Amino acid sequence: GGLKSREALDKRIHTFMTRIERASRIQKLPTLAINKSSLSTFLDELKKILDYDFEQSSDKLNSRALAIRNQDTLKAIYTSLSPTKNERNIDGTRLIPVVAKNRRMMAFDLAANSFRELPLSEVHSIPQATQMIVAPNQPNRCFLIGGHFFKKASGKSFEFDFMTGEFKSLPTMPTARRLNRCAIWKTMLFAIGGVEGDKEIATSSVELMDIESGNWSALPPLRVPRHSHALCILESSEKGVKNEMKNSAHVYAFGGIGTNKQYVELIERFDIERGSWVEFPLKSCVSMQLVGPLASQINDKEIVVFGGLKYRRPIDEKNMESANGTVWGFNNQTFFIINVEDGFMTMSDHFALPYGLLSTGNQLFTHQKKIYFVANLNTHSTFPEVQNVDYSEETNPHKIVGSLSKEKLDIIDYILFR
């Protein structure tokens, strides 16, 4: 109230937005999940209403009277800022889990192009940075595996049904782990690598859960322990692939951090039918030392790997490690295309990431010839500098949802989630 000019109005709105940004940074706001386009529309409409009142009256604005006159318009616009509440019998095939925290989940609705808030059970306590993955052949079923409570790894496992809203506890994973990655093929859920206990020591442990029975069993371990890596299941059909790859499915593990916090370059492949890990050498001189990348199958014989951080050792041995153990790290802006038949890797000249992405799970979803992905938006510099990144999403609340197709790479939106 008490605004006498458009200049005063603009200043007031600027102050309002500045306070929101500052409050978000110091974590004073509870939940801030804002659709950027809706926020812009809301402010534009608000200014139109205020401008109209300026033109109609030379007196000071009365904010209470203004709100009463325009309450229906403002309410309709403001409603679009908030995540849509959960509805029963929704189409589970269109939801991508973004983050689960404080007994609720945030998902992105592909059909509505907006975020949807899904309440979870009040009975269960959800570990922080739990791994979320959707069953490709049953997209209404979302699984939450592992995570941590104050850096202590957890073996808790849950299932959430997008269509019915049912949230239930599953048998505990034998090996408590965090910073692990999960993958699903048919009824098999793989929990691979990660960190056990409360120390950042990578594990090679691999376990399998039958999603129909909930039973866990141990599988052969990774050849190299790793956490904060990428997983991709590549399933080949009969056409266009070599005989040994026909009608087969393999799990590929890329990048991550291994023993003594070394960055893992070795790519491993797990033959699901034979139950064994083998090294998958690349016929390329380009390093694949990536931490927190994303990976997805794009056809019968190719995988795209993107995002994450690259690392480089300083030339001066004395500066190899600072007091907090960091080395030179910078955002990976390159898209790597890996051919699993011949082992050749090419770098896409069609795309280049203009920002940093850090994967905190295996949240990729293929829908209508597009790969949708969820990751942390890394706000660190794209140029080499000393970085100490918390890969478990604790320090960076910016969650980004994007899509990738043959034509373009697109940022759909991002949220702040507390």
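**Exercise 1. Two cysteines**

Is Cys-182 buried or exposed? Do the same for Cys-232, then look for disulfides.

*Solution.* Begin with the model. It is predicted: local features need pLDDT of at least 70, side-chain atom pairs count only at pLDDT 80 or more, and totals for chains, interfaces and linings use all residues. Residues are numbered from 1 along each chain as its sequence is written, and side-chain values use heavy atoms, with hydrogens and water left out.

Step 1. Fix the scale. Buried means under 20% relative accessible area, exposed means over 50%, and partly exposed lies in between (1.4 Å probe, protein chains only).

Step 2. Cys-182 has a relative accessible area of 2%, so Cys-182 is buried.

Step 3. Cys-232 has 4%, so Cys-232 is buried.

Step 4. A disulfide is a covalent bond between the sulfur atoms of two cysteines. The test is a pair of cysteine sulfur atoms within 2.5 Å. Searching the whole structure gives 0 disulfides.

**Exercise 2. Strand β9 and its partners**

Which strands does β9 pair with, and how many bridges join them?

*Solution.* Step 1. Know the terms. Helices (H or I, at least four residues) and strands (E, at least two) are DSSP runs, numbered from the N terminus. Two strands pair if DSSP finds at least two bridges between them.

Step 2. Take one partner. Strand β6 (residues 138-145) runs antiparallel to β9, with 5 bridges. Cys-142 has Phe-160 in β9 as its bridge partner.

Step 3. Take β10 (residues 167-170). It is joined to β9 by 4 bridges, again antiparallel. Here Ser-157 is matched with Leu-170 in β10.

Step 4. Check the turn. The hairpin of β9 and β10 has 5 residues between the strands, and Gly-165 there takes a positive phi near 80°.

Step 5. Check the cover. In β9 (residues 157-161), 5 of 5 residues are buried. In a regular strand the side chains alternate between the two faces of the sheet. Ser-157, Glu-159 and Asp-161 point one way from β9, while Phe-158 and Phe-160 point the other way.

**Exercise 3. An open sheet**

What is the strand order in the open sheet of 4 strands?

*Solution.* Step 1. The order is β15-β16-β17-β18, with antiparallel pairing.

Step 2. Find the edges. β15 and β18 (276-279) each pair on one side only.

Step 3. Add the twist. From one strand to the next, it averages 25° (axes are lines fitted to C-alpha atoms, for helices over the stretch in contact; angles run from 0 to 180 degrees between N-to-C directions).

Step 4. Zoom in. β17 (residues 268-271) and β18 share 4 bridges. Asp-271 has Ser-276 in β18 as its bridge partner.

**Exercise 4. Positive phi outside glycine**

Where is Ala-129, and where is Lys-261?

*Solution.* Step 1. Most residues other than glycine have a negative phi, and most peptide bonds are trans.

Step 2. Ala-129 has a positive phi near 50°. Ala-129 sits in the loop between β4 (114-119) and β5. At 13% relative accessibility, Ala-129 counts as buried.

Step 3. Lys-261 has a positive phi near 60°. Lys-261 lies in the loop between β16 (249-254) and β17. With 48% relative accessible area, Lys-261 is partly exposed.
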